[in-house]
Amino acid sequence: MHKAVVIGAGIAGIAVAIRLAVKGYQVEVFEANSYPGGKLSTFEQDGFRFDAGPSLFTMPHLVDDLFKLADRDPADYFRYRPLTNVCNYFFPDGIEIHGKGNPKDFAAEVKTKLGVPEKVILDYFNRSEMKYRKTKGVFLERSLHKFGTYLKKDTIIGIFNLYRLGLFHSLAQENEKRLKHPKLVQLFNRYATYNGSNPYSTPGIMSMIPHLEHGVGAAFPVGGMHAITESLVKLSKDLGVRYRLSQRVERIVVERGRAKGVQIKGNLAEADLVVSNVDIYAVYRKLMPEQKAPERILMHERSSSALIYYWGIDPFGANGASAADTQGPFSKLDLHNIFFSSNYEREFREIFEEGTVGDDPTVYINITSKYEPQDAPGGMQNWFVMVNVPSNQGQDWEHLRRHTRQCVINKISSMLRVELESHIVTENYLDPVRIEERTGSYQGALYGASSNDRMAAFFRHANFSRRIRDLYFCGGSVHPGGGIPLCLLSAKIVSDLVGPSAGSMAAGS
Ligand code: FAD
């Protein structure tokens, strides 16, 4: 049986371990942290449970696929509920829009709240779906770096349609043309942040993302986002994958042009195949600094990062809300909530051009205790409050974190007419520096390289090494990109590139 070593137990590392185990490999995963999951992890504080990183779960079928691949019933490991209301949007002038999951319901809501004909939204979603279908084969599901990809029929169709699909204008221009109403344009510009990009420069092709949320559908994992990690780790262990936690890989050992294994605490762990789930910048700079690095790829602009405030909230707080109102002043809030800034263009200029955070950021609040009451004690709520910020280029994060915290509290207090500060009973935070320390992501970027230009897809590293045999790459910093679904697809692409293990059933022995 051939042996595969995976470096890093992020979601892509876990997924690739499962796929390789199914292919018949003996798989060992080395993880620097004492826990698996990387960004997709959890922690508890004073009785509150928080998902540390991702909160929005789209394309849940990609998780199901892993259980099915292993011939298991997904329901034995992992369950999720489709969201009928994806997100509540709050605008500074008091308008509130419920982002219903079903496009027809969403269109009806937009008509009621903004007076925009339903057809405008439904046409937009139809185009969004068309873009997804025409490009997924080219940009998401296969290696962009293998000649064979360009011989496939759907690749050829995708490439011929690039102009029509919006590769040559920005997402903001696309939305202004199709949606016109400034609030709708802002709402749909927000999808650029799903891969940490700027809507005023990322290409219009990104308008496929709403289809993933409202067509394919968004879901909430039972037990919270961390259930994705837990269930996949369990599956992988059932398939014989071994995890070596708190084991930081120091080197990828290369001999005569092939990856021979990895070095940990000076010792060699030999393997027939090495898959790195580590940020590609750190791979070249730290794990194999003697190898020639693809500088253009490594120096490509990073995606945005985030400031996250984890707040345990007592809805009844110091000043008390009416006991008759079971959720206090926060009854308007759902699982996902967005409080928009008054000037979106300025906000993204501040992030991507000025490298800072302004006084009026868009604020995202995720509250899993709305669905899982046990995530917060005694009827309280676990708030994950996030603001998009630039990646770390040496800014004074201590100052930015304190200043932004106050701006967020002022904004939410005024928009919900509460004194928010008096409701916070416990708190913690995450910033770009901590993200890099805890996951190795260069500059604390959430999604690897940004997609702020039309060639961005080609500036992501391939899922294999061109110079070193038996060395592969998965995760948010390589093709096809960041976010849980794309990380899962990167694991599939790697597995498709790798042959079956000799001795496995797949190899025919
Ligand atoms: P990572 O999670 O980056 O993990 C890499 C692992 O490698 C880490 O565990 C690290 O410890 C380990 N490692 C690094 N170096 C070594 C070494 N030398 N030896 C051994 N191990 C090593 N995505 C969504 O889909 N929806 C969201 O709502 C969303 N929101 C997000 C919010 C936040 C705050 C963050 C941080 C991310 C968010 N994302 C979201 C992005 C998503 O979390 C990531 O794209 C995805 O989880 C990255 O997974 P990965 O496989 O690349 O590995």
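A salt bridge is taken here as a side-chain nitrogen of Lys or Arg within 4 Å of a carboxyl oxygen of Asp or Glu. The model toured below is predicted, so local features need pLDDT of at least 70 and side-chain atom pairs count only at pLDDT 80 or more, while totals for chains, interfaces and linings use all residues. Residues are numbered from 1 along each chain as its sequence is written, and side-chain values use heavy atoms, with hydrogens and water left out.

**Stop 1: strands β11, β12 and β13**

Select K260 and E255. Their side chains form a salt bridge, at 3.3 Å from N to O. E255 has a relative accessible area of 35% and is therefore partly exposed; buried means under 20% relative accessible area, exposed over 50%, and partly exposed in between (1.4 Å probe, protein chains only).

Extend the selection to residues 258–264, which make up strand β12. Strands (E, at least two residues) and helices (H or I, at least four) are DSSP runs, numbered from the N terminus. Five of the seven residues of β12 are buried. Strand β11 (residues 251–255) pairs with β12 in the antiparallel sense over five bridges, where pairing requires that DSSP find at least two bridges between two strands. R251 stands opposite Q263 of β12. Two residues lie between the strands of this hairpin, and R256 takes a positive phi near 45° there.

Next, add residues 267–270, strand β13, which is joined to β12 by four bridges and runs antiparallel to it. Here V262 has A269 as its bridge partner. The hairpin of β12 and β13 also has two residues between its strands, and K265 takes a positive phi near 45°.

**Stop 2: strand β17 and its partners**

Select residues 363–367, strand β17, of which five of five are buried. In a regular strand, side chains alternate between the two faces of the sheet. V363, I365 and I367 point one way from β17, Y364 and N366 point the other way, and all are buried.

Now display strand β16 (residues 336–339), which is antiparallel to β17 and joined to it by four bridges. H336 has N366 of β17 as its bridge partner. Strand β18 (residues 381–389) also pairs with β17 in the antiparallel sense, over four bridges. Across that pairing, I367 stands opposite W383 of β18.

**Stop 3: an open sheet**

Three strands in the order β5-β9-β6, with antiparallel pairing, form an open sheet. Strands β5 (57–58) and β6 (80–82) stand at the edges with a single partner strand each, so one side of each is left without a neighbour in the sheet. Select residues 218–221 for strand β9, which is joined to β6 by three antiparallel bridges. R81 stands opposite F220 of β9.

**Stop 4: the ligand**

Select the ligand and the residues near it, that is, those with a heavy atom within 4 Å. The ligand is surrounded by 34 residues, the closest being E31, K39, G476, G483 and I484. By class, this shell has 16 nonpolar, 14 polar and four charged residues; Ala, Val, Leu, Ile, Met, Phe, Trp, Tyr, Cys and Pro count as nonpolar, Asp, Glu, Lys and Arg as charged, and the others, Gly among them, as polar. Helices α1 (11–22), α15 (432–439) and α16 (484–497) each supply at least two residues of the shell, and α16 provides the largest share, three residues.

Three atom pairs merit labels. A ligand oxygen lies 2.7 Å from a polar backbone atom of G483. Another label belongs on N277, where an N or O atom of the side chain is 2.9 Å from an oxygen atom of the ligand. A ligand nitrogen is 3.1 Å from a polar backbone atom of A32. Taken alone, the ligand exposes 1000 Å², of which the protein buries 94%; these accessible areas come from the Shrake-Rupley method with a 1.4 Å probe, and for residues only the protein chains shown count as cover.

**Stop 5: salt bridges in the helices**

The structure holds 24 salt bridges. Select K113 and E109, whose closest N and O atoms are 2.8 Å apart in a salt bridge. These two residues are four apart in helix α3 (residues 103–114), which means that about one helical turn separates K113 and E109. K113 is partly exposed at 32% relative accessibility, whereas E109 is buried, at 11%.

Finally, select R127 and E174, whose side chains meet in a salt bridge at 3.7 Å, N to O. This pair links distant parts of the chain, with R127 in helix α4 (residues 118–140) and E174 in helix α7 (residues 171–179), 47 residues apart. Both R127 and E174 are buried. Add K131 and R178 to see the network in which salt bridges with shared partners join R127, K131, E174 and R178.

How values were computed:
Polar contact = N/O pair within 3.5 Å; in protein donor to acceptor, adjacent residues only side chain to side chain.
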